[in-house]
Amino acid sequence: MTDRPIIFSAPMVRALLTGRKTQTRRLASSPLARCAVGDRLYVREAWAPLSACTHNDPGSQAMADNGFYRADGGTIEGQISRWTPSIHQPRWASRLTLTVVDARIQPLCSITDADAQAEGVQQIAGGWHVPEADLPQMPTAAGAFARLWSSLHRTDGECWCDNPDVVALTFTVTAENIDRMAASAANPQESARG
């Protein structure tokens with residue numbers, strides 16, 4: 001079992017938190033292409049430490065023990081002095097752990113409608129889209145995913161029309177820090193006492 005970081009945008013973090021996202025696709029050239037069943041991924045997202053709050057009462061903020069998470073919203077412009085980009089979020093501040101249950105290499109355009117739904121695409125009012133992303137609806141789930149992919153990947157060799165090979169990862173989501181999760185599993189009696 002290997003632990004690896006994985007970066008998600010705020011809309012995809014919200015899809016993970018609501019349980020709608022159980023798959024992700026990354027370029028086959030990514031280190032994530034080496035994932036195997038049983039590997040764990042800790043989600044890196046835009047985050048701010050408690051010390052970044054610009055006033056003494058963070059009660060109205062979307063906050064957890066480790067700080068503030070941009071995907072949660074709830075902060076008013078100016079209340080956080082600095083956001084840490086997802087690439088720099090420390091492992092200890094991660095709040096979501098994904099356990100890989102399937103990993104396969106495939107062409108990007110071979111995604112099915114069922115897989116697109118597992119990517120977080122939803123049907124709303126006769127069309128398909130990712131509710132958290134500001135993108136127009138499409139007639140199929142796979143089409144909505146293609147629109148999302150294109151909005152995130154704009155460089156040569158990554159766009160939808162290039163049909164690059166990707167690793168399709170299917171996972172379970174646990175709303176817990178990867179290290180706390182491991183500690184809880186190692187000592188279930190201590191975890192039960194809280």
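## A pair in one helix

Which helix do Phe145 and Trp149 both lie in, and how many residues apart are they? They sit in helix H3, four residues apart, which is about one turn of the helix. Keep in mind as you look around that this is a predicted model.

## Aromatic rings

Searching the whole structure turns up three aromatic pairs. Take Trp47 and Trp92: their rings meet edge-to-face, 5.5 Å centre to centre, with 90° between the planes. Trp47 belongs to strand S4 (residues 47-48) while Trp92 is in the loop between S6 and S7, so this pair ties together parts that are 45 residues apart in sequence. Trp47 has 5% relative accessibility, so it counts as buried, the cut-off being under 20%.

Back to Phe145 and Trp149. Their pair is tilted, with 6.2 Å from centre to centre and 50° between the planes. Phe145 is buried, at 3% relative accessible area, and Trp149 is buried with a value of 3% as well. Add Trp160, and Phe145, Trp149 and Trp160 make up one aromatic cluster.

## A buried glutamine

Is Gln89 buried or exposed? Its relative accessibility is 0%, so Gln89 counts as buried. You'll find Gln89 in the loop between strand S6 (67-69) and strand S7 (97-107).

What does its side chain meet there? A polar atom of the Gln89 side chain lies 3.1 Å from the backbone oxygen of Ala93. If you skip neighbours within four places in sequence, Gln89 is in contact with Val43, Arg44, Glu45, Trp47, Tyr69, Thr84 and Ser94. Trp47 is a familiar name here: it's the partner of Trp92 in the edge-to-face pair.

## Two pockets

Rolling a probe the size of a water molecule over the atoms shows where empty space is left. The largest pocket holds about 340 Å³ of space. It is lined by 17 residues, and those closest to its centre are Thr24, Arg25, Arg26, Leu152 and His153. Strand S2 (23-27) and helix H3 (141-152) are the elements that give two or more residues to this lining. Sorted by class, the lining of the largest pocket has nine nonpolar, four polar and four charged residues.

The second largest pocket has about 150 Å³ of space. Which element gives the most to its lining? That's strand S1 (residues 3-7), with four residues. The residues lining this second pocket include Arg4, Pro5, Ile6 and Ile7, along with Arg26, Arg44 and Ile87. Its lining counts six nonpolar, one polar and three charged residues. Arg44, part of that lining, is also one of the contacts of Gln89.

How values were computed
Residues numbered from 1 in each chain as written. Predicted model: local features only at pLDDT ≥ 70, side-chain atom pairs only at ≥ 80, totals over all residues. Heavy atoms only, no water. Buried < 20%, exposed > 50% of the residue type's maximum accessible area, 1.4 Å probe, protein only. Polar contact = N/O pair within 3.5 Å; in protein donor to acceptor, adjacent residues only side chain to side chain. Contact = heavy atoms within 4.5 Å. 1 Å grid on protein atoms, 1.4 Å probe; cavity = no way out; pocket = protein on both sides within 12 Å on 5 of 7 lines; lining within 4 Å. Points joined across faces, edges and corners; volume = space filled by probe spheres on them. Nonpolar A, V, L, I, M, F, W, Y, C, P; charged D, E, K, R; others polar. Phe/Tyr/Trp six-rings, centres within 6.5 Å; stacked < 30°, edge-to-face > 60°.
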